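Q: Please take a close look at one part of this model and describe, step by step, how its surroundings are put together. I would like a careful, connected account rather than a list.

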Amino acid sequence: MAQEFSLSRIGQFIRRDLTIHKSTFITGFLVTAVLLFLFCILNMVWDKQLGLEEFFGIFGLFYIPMGILFTFSLFKEFNDTKSNHLYLSLPISIPERLAAKWFTVTIIYTVAFSLLAIFVGMLAIAVGTVIFNANFNVLSIFTEHYWNVIKVYFVIQPIFLVGAITFAKNRIGKTILLLGLLVLGFLLFNFILFAIFNHSYGVFSGETIGSEAIDKAGEDLSVMGKWFYSLLFGPIMLAVAYFKMTEKEV
């Protein structure tokens, strides 16, 4: 197997994955397009409009779960004990294999889903304008609502990437269970630390000064916390995925 990192091999591997899983992706996108259209139409029945916040709320409802399902689908070959020896013998290094998988289920998937969602959303608005006399507005990805959803997916997707590599059976259920336990563990850990360092200041007494202290502490540390968890669930999980792939390919 070649050891040098090659963008050409990554491109070929991406093309291979897209060709093999083409029917899965097309079916998933078509089902999502129909559901997205129906949700947008139903949303306009009540208030005669489809605002950006409302649309991207619906967008995230399908974008994140569908991306997670595609992630597990992309690693089905990797975990198939009957045929994975052929898959693992392909002339591509582990970093290239991981880069190809990540690029497919994040960048390519995000671009394709965004274009489809905007098209379906605009179609739904046009239909709603005719049928319900709804307000016509133009949807755009150049908005904070869109990028907030994208950031959430980019942070949590590596966790499911690790789950897709690690577990051979019941992969989605085990990954969600593990994620839930991690979240509960971090919540408990943060609460214990907060209690240890702040109990003497009366923040749990219910007094106004205690509530203000909690609010100010949250404002001061929120940025630090976002960076910490983004690094933990993003790059660190990708590193874990690399070592898991190395462990299975050896």
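**Around helix H6 and its neighbours**

A: Leu98 lies in helix H6, and in this predicted model Leu98 is buried, with a relative accessible area of 10%, which falls under the 20% that sets the limit for a buried residue. Leu98 also has a partner from a remote part of the sequence: Met245 is 147 residues away from Leu98 along the chain, yet the two C-alpha atoms are 8.1 Å apart in space.

The setting for this is a protein whose secondary structure comes to 10 helices and zero strands, so that, with helices and strands taken as DSSP runs, the elements read α-α-α-α-α-α-α-α-α-α from the N terminus on. Of the 250 residues in the protein, 36% are buried.

Aromatic rings give a further view of how the helices are connected. With ring centres required to lie within 6.5 Å of each other, the count comes to 23 aromatic pairs. One of them joins Tyr63 and Tyr109, which are stacked, with 5.4 Å from centre to centre and 5 degrees between the planes. Because Tyr63 belongs to helix H3 (residues 52-74) and Tyr109 to helix H6 (residues 94-131), this pair ties together parts that are 46 residues apart in sequence. Both Tyr63 and Tyr109 are buried.

An edge-to-face pair is formed by Phe72 and Phe160, whose centres are 6.2 Å apart and whose planes stand at 80 degrees. Here Phe72 comes from helix H3 and Phe160 from helix H7 (residues 144-166), so the parts tied together are 88 residues apart in sequence. Phe72 is buried, as is Phe160.

The helices that hold this second pair can also be described as a packed unit. H3 and H7 pack at an angle of about 15 degrees, and their axes are 10 Å apart; since angles under 35 degrees count as roughly parallel, H3 and H7 are therefore roughly parallel to each other. Their crossing is right-handed, and the contact of H3 with H7 has, by class, 17 nonpolar, six polar and one charged residues.

Finally, a charge and a ring meet at Phe75: the charged end of Lys101 sits over the ring of Phe75, at 5.2 Å from the ring centre.

Terms used
Residues are numbered from 1 along each chain as its sequence is written. This is a predicted model: local features need pLDDT of at least 70, side-chain atom pairs count only at pLDDT 80 or more; totals for chains, interfaces and linings use all residues. Side-chain values use heavy atoms; hydrogens and water are left out. Rings of Phe, Tyr and Trp (its six-membered ring) pair if their centres lie within 6.5 Å; planes under 30 degrees apart count as stacked, over 60 as edge-to-face and the rest as tilted. Helices (H or I, at least four residues) and strands (E, at least two) are DSSP runs, numbered from the N terminus. Buried means under 20% relative accessible area, exposed over 50%, partly exposed in between (1.4 Å probe, protein chains only). A charge sits over a ring if NZ of Lys or CZ of Arg is within 6 Å of the ring centre and within 35 degrees of the ring normal. Axes are lines fitted to C-alpha atoms, for helices over the stretch in contact, and angles run from 0 to 180 degrees between N-to-C directions. Angles under 35 degrees count as roughly parallel, over 145 as roughly antiparallel, 65 to 115 as roughly perpendicular and the rest as oblique. A crossing is left-handed if the near helix is turned anticlockwise from the far one by less than a right angle, and right-handed if clockwise. Ala, Val, Leu, Ile, Met, Phe, Trp, Tyr, Cys and Pro count as nonpolar, Asp, Glu, Lys and Arg as charged, and the others, Gly among them, as polar.
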